[in-house]
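This report describes the side-chain contacts of one protein chain, from its cysteines and nonpolar cores to its aromatic and charged pairs.

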Amino acid sequence: MEKKALVVIDIQNDITKNYKEIIDNINTAIDWAVKHDIHVVYIRHENLSAGTRTFKTGTPGAELVSDMDMVSENIFTKYKGNALTSEEFADFVSKNEIGDFYITGADAVACVKSTCFNLRKAGYGVKVLSDCITSYDKRKIDEMLQYYEKQGCEIIGLSDLPN
């Protein structure tokens, strides 16, 4: 049986205010993962660009939000959209023989999109929790869900998670 991980992408203080609309759902997904012995992984984005105002290393904006349930020490930092560009995350996936991912987080048109695309390209199973993602422009979420499906991702909701 393939090992699984729930991945929470970029739910940080500098992220869109829209995360408040999905944080309870993300916490429900985290609780589900814990009950089913599924790894919970938190991905943090940090901007290294000189002119950036958000996600700057060492600032409160780069920290994970305080209203998210923290149930593991599996916190990995990335500097590009794709979570697999974090060598520590990629090593964690390899060491733990993870083959299937449940994806939550922000931003649906950027880091979530890039991570889903690259996980599928690498041959992993990807399930996107549609009620656990958001975006700066929420009007694009339906378009992104269609994109994820075309890449071979399965779109599910919290109610579709196995008991």
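Cys 111 is buried, with 10% relative accessible area. The model is predicted, and its local features are limited to residues with a pLDDT of at least 70.

**Cysteines**

A search of the whole structure returns 0 disulfides. Cys 111 takes part in none, and the nearest cysteine sulfur, which belongs to Cys 116, is 11 Å away. Why does Cys 116 form no bond with Cys 153? The closest cysteine sulfur to that of Cys 116 is in Cys 153, at 4.5 Å, which is too far for a bond; a disulfide requires sulfur atoms within 2.5 Å. Cys 116 is buried, at 1% relative accessible area.

**Nonpolar cores**

The largest nonpolar core holds 27 residues, and Val 7, Phe 89, Phe 101, Ile 103, Val 128 and Tyr 148 are the members that touch the most others. Two or more residues of this core come from each of β1 (3-9), β2 (39-45), α2 (87-95), β4 (98-105), α3 (111-121), β5 (125-133) and α4 (141-150). A second, separate core has 26 residues, among them Ile 11, Ala 29, Ala 106 and Leu 158.

Apart from neighbours within four places in sequence, Val 128 contacts Ile 103, Cys 116, Ile 133, Leu 145, Tyr 148, Cys 153, Glu 154, Ile 155 and Ile 156.

**Aromatic pairs and the β3-α2 loop**

The count of aromatic pairs comes to 6. One of them joins Phe 76 and Phe 89 in a tilted arrangement, with 5.9 Å between centres and 50° between planes. Because Phe 76 lies in strand β3 and Phe 89 in helix α2, this pair ties together parts that are 13 residues apart in sequence. Both Phe 76 and Phe 89 are buried. Ring pairs also link Phe 76, Phe 89, Phe 92, Phe 101 and Tyr 124 into a cluster.

Tyr 147 and Tyr 148 form an edge-to-face pair, since their ring centres are 6.3 Å apart and their planes are at 70°. Tyr 147 is partly exposed, with a relative accessible area of 23%, whereas Tyr 148 is buried, at 0%. Lys 113 lies over the face of Tyr 147, 4.7 Å from the ring centre.

Ser 86 is located in the loop between β3 (75-78) and α2. With 4% relative accessibility, Ser 86 counts as buried. Leaving aside neighbours within four places in sequence, Ser 86 is in contact with Phe 76, Thr 77 and Lys 78.

**Salt bridges**

There are 8 salt bridges by count, including those tabulated here.

| Basic residue | Acidic residue | N to O distance |
|---|---|---|
| Arg 44 | Glu 63 | 3.9 Å |
| Lys 127 | Glu 154 | 3.8 Å |
| Arg 139 | Asp 137 | 2.9 Å |

Arg 44 belongs to strand β2 and Glu 63 to the loop between β2 and β3, so their pair ties together parts that are 19 residues apart in sequence. Arg 44 is buried, with a relative accessible area of 10%, while Glu 63 is partly exposed, at 38%.

Lys 127 lies in strand β5 and Glu 154 in strand β6 (residues 154-156), so this salt bridge ties together parts that are 27 residues apart in sequence. Lys 127 is partly exposed, at 21% relative accessible area, and Glu 154 is partly exposed, at 43%.

Arg 139 is exposed, at 74% relative accessibility, whereas Asp 137 is partly exposed, with a relative accessible area of 23%. Salt bridges with shared partners also join Arg 44, Glu 46 and Glu 63 into one network.

Definitions and conventions. Residues numbered from 1 in each chain as written. Predicted model: local features only at pLDDT ≥ 70, side-chain atom pairs only at ≥ 80, totals over all residues. Heavy atoms only, no water. Buried < 20%, exposed > 50% of the residue type's maximum accessible area, 1.4 Å probe, protein only. Core = buried A, V, L, I, M, F, W, Y, C linked by side-chain atoms within 4.5 Å. Helix = DSSP H or I, 4+ residues; strand = E, 2+ residues; numbered from the N terminus. Contact = heavy atoms within 4.5 Å. Phe/Tyr/Trp six-rings, centres within 6.5 Å; stacked < 30°, edge-to-face > 60°. Lys NZ or Arg CZ within 6 Å of the ring centre and 35° of its normal. Salt bridge = Lys/Arg side-chain N within 4 Å of Asp/Glu carboxyl O.
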